[in-house]
Amino acid sequence: MMPDKAKTGRDASSAWTPDTSVPIVYLNGVSKSYGRIHALSNITLGLSGGVTGILGLNGAGKSTLFKLLMGKVRPSAGEVRIFGEDPWKNPAPYARVGFVPEHEKMHDWMTALEFVATFARLHGMTKPQAEHEALRVLDFVGLSDVANKEIGRFSKGMRQRTKIAHALVNDPDLIVLDEPLQGCDPLARTTIMNVIRELGKLGRTVLVSSHILSEIERITEQIVIVHQGKLVALGNLHAIRDRLDQIPHTIRLVGDDVKHLAKDILDHPAVYGLSFPSSDELLIQTYHFGALHAELPGIIVQGGHRVREIDNPDDDLESLLTYLTGGGA
Amino acid sequence: MSRQRPDSVWRSLDRKAMAVAEFTLRQQRKRLSTWVVLGIAMLAMGVLTMFYVDAMVRDYDAVDNDGDASDFDQDGYPNGQERLYGTDIFDETDHPGLLNPPVAPDDRSVWVNEDDFDWDSLAEGSYGVDDDGDCDREGRTASQKDSNGNGVPCDIAVSTGLFGNTVVDSDGGVDEDPDDEAYAKEASHRAFVLAIGKFGFVFLLGIFIPLFMATGLIRDEMTSGTMHFMLAKPIARTEVFLYRILGFLGIAWPYMIGLVGLVALITGFVGPGDGMFRWRDLGVWLSVLLAALFAVLVYANLFCMLGVMWKHGIVLALPFAAWELGMILTTLGAPDAAILRFSVIGWAMNVVDAGAAMAWSDTGLLIAIGMWGGGNGPLEGAEALQIFASDTGLGLAPLPTMIVSLGVLMFQAVGCWFLGGALFKAKEID
């Protein structure tokens, strides 16, 4: 869907050329404090290519990390580089960056087309070029039919997509999205997730932050987990998850005859405890979540049990953090 | 299709400048507060102009400044006519009607405003014409006719006093009964142009329009979070600062030009004069406009900088506005006071005073003869003009004064931009 670069409005006049020998995003021992509050502590990270999910609870330091990358704040210690440049000192690399801020406030009096085109001109495009590119990216995020409507009349999801379009207008190599799914309806969520995945497929470096594990899981496997200002995990989500499976876990089942089901499950070697919070609810404690989770459907079908719901209350970011931080989350 | 030209850094800078300036202009236009501020400013200037129009169209009482329309001896001949023919003004049995041939008595009104100022010859040195012949009448000695001793009989010697003030010394009986209405209108007209120019356009609008419209140019975007969109682009913060100011000027300058032009047109047509339009005033209006545009430029940069410095920057701007008020009042009385160098308005006033000195080089004399008023001053309008007209403060000729002052104002604007840009650059944005 994204046209090739030769056809886009990337400004040929751009005096700045990126250093391709260094990671696109590079942080070395970066700390950021606001007075006595330590927002980030000693973060070292290098990223190039693909979609990376930045996971963390609210206030973990995700936005601070992005603000450092976008030159909005100055690191208290360490060095921040994007395309090898210090963003606090030099805004030139932003010619290759698209940023979707978390802030909800937009220029509501503008139409989506005006909004995207106006900011496209800050990349050095001419007015007609900017409008052409704006229409292209608005189409990419599925807003071409409302391009001439005022942003003030948009739903939350449409606003987010407008922000994403504005960040893509310069055909960036690095796209930074701060909580892009927050407050969006399911349709907008799906569209935005597709857009992000597509960007990843096109070889762009995408950083997307969220505090919801399942959201990130649907977008990417590559994650960075930030907790209380520290980087607690970096790598493949499934690898982390596999290790998470080895720790005590709870599976919750809701059905008509959960007591009979409990009998069939009790003998399973992975199960070490059962409880019944209500007459149609069963909680299973296990040491091998992955194994049990795989066998559970078979056991249910064989025993002819009727189960309405299966979920994993522990399978969220908090549990992951509890595990990763050794219970300190 | 437009011709393809190679892009240069400058061309791309142009585009960014235009984009931010255009965006700012549109943003200001969409705000109700913009129209409220501009509307109130227009209303205030409109009300002041109405007072002016009223002063120009009303009738002034013709005052018999020298008392020669009186008839002390009640013989039917006004004193002036009796003096002219050498008869006794206190003896009713001695009057020009008894001369051979007899002279008919003049109507008293003939002896009111009968020896007007000679506008066309107003100049330093010697001027004045004894229109009613009461100076140059028979029987007066040469020394009586040249009491000011400048060697010219029946004239007014004009010289520069010790403090640079204009001194008027009449031979007596010259221009002693001026046309009060003509003087009042000319003096009031000039006083109004200077007053509304200095206090209205340069000071009030010059300060308050930037105060309300430019203080938030950067600050509002930072507090609302929308600055993130702009700063995530390959554009330096000092550029953003500058282009936002340009966008503000895009609305403030045309507004100023329009409003000054409108008032200049009204006063040009309504003001006193022989022609249909007072073309000579345009020089003054041009200097008022220049001063106002530069004042807006400096204050916009200054207030925008204060907004960046502190989100309640307007609190810092208000004491500054008070300081400027003190300074503009100082320019009226002591335009050469050294403290004025530490203000914006002092330099802007220099521009207006220099323009006025060029377009109306005779204002000093007009004030002096009005204060003298044929020996019975001050005439109406003279004091007002004395308050609002000032000498150029730098001790230079008008043109160099204007050039230097505009240069200083430009320097102040650039200084504030530089400082504001540096503050903005060092600012962490949440």
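**Exercise 1.** Which residue takes a positive phi in the hairpin of β8(A) and β9(A), and how many residues lie between the strands?

*Solution.* Keep in mind that this is a predicted model.
- Step 1: go to the hairpin and count what separates β8(A) from β9(A); there are 2 residues between the strands.
- Step 2: check phi in the hairpin; A:Q228 has a positive value near 50°.

**Exercise 2.** Find the strands that pair with β8(A), and give the sense of each pairing.

*Solution.*
- Step 1: start with β3 (residues 50–55) of chain A, which pairs with β8(A) in the parallel sense over 4 bridges. In this pairing, A:T52 has A:Q222 of β8(A) as its bridge partner.
- Step 2: turn to β9 (residues 230–236) of chain A, which runs antiparallel to β8(A) and is joined to it by 6 bridges. Here A:L234 in β9(A) stands opposite A:V224.

**Exercise 3.** Is strand β8 of chain A mostly covered or mostly open?

*Solution.*
- Step 1: recall that a residue is buried if 20 or more other C-beta atoms lie within 10 Å of its own.
- Step 2: apply this to residues 222–227; 5 of the 6 are buried, so the strand is mostly covered.

**Exercise 4.** Describe the side of chain B that touches chain A.

*Solution.*
- Step 1: count the residues in the contact; chain B gives 24 and chain A gives 29.
- Step 2: look for elements of chain B that give two or more residues to this side; they are α1 (9–30) and α7 (227–231). The most come from α1(B), with 8 residues.
- Step 3: sort the side of chain B by class, which yields 11 nonpolar, 6 polar and 7 charged residues.

Methods:
Residues numbered from 1 in each chain as written. Chains lettered and ligands numbered in written order. Predicted model: local features only at pLDDT ≥ 70, side-chain atom pairs only at ≥ 80, totals over all residues. Buried ≥ 20, exposed ≤ 12 C-beta atoms within 10 Å, placed from the backbone. Pairing = 2+ DSSP bridges. Contact = placed C-beta atoms within 7 Å. Nonpolar A, V, L, I, M, F, W, Y, C, P; charged D, E, K, R; others polar.
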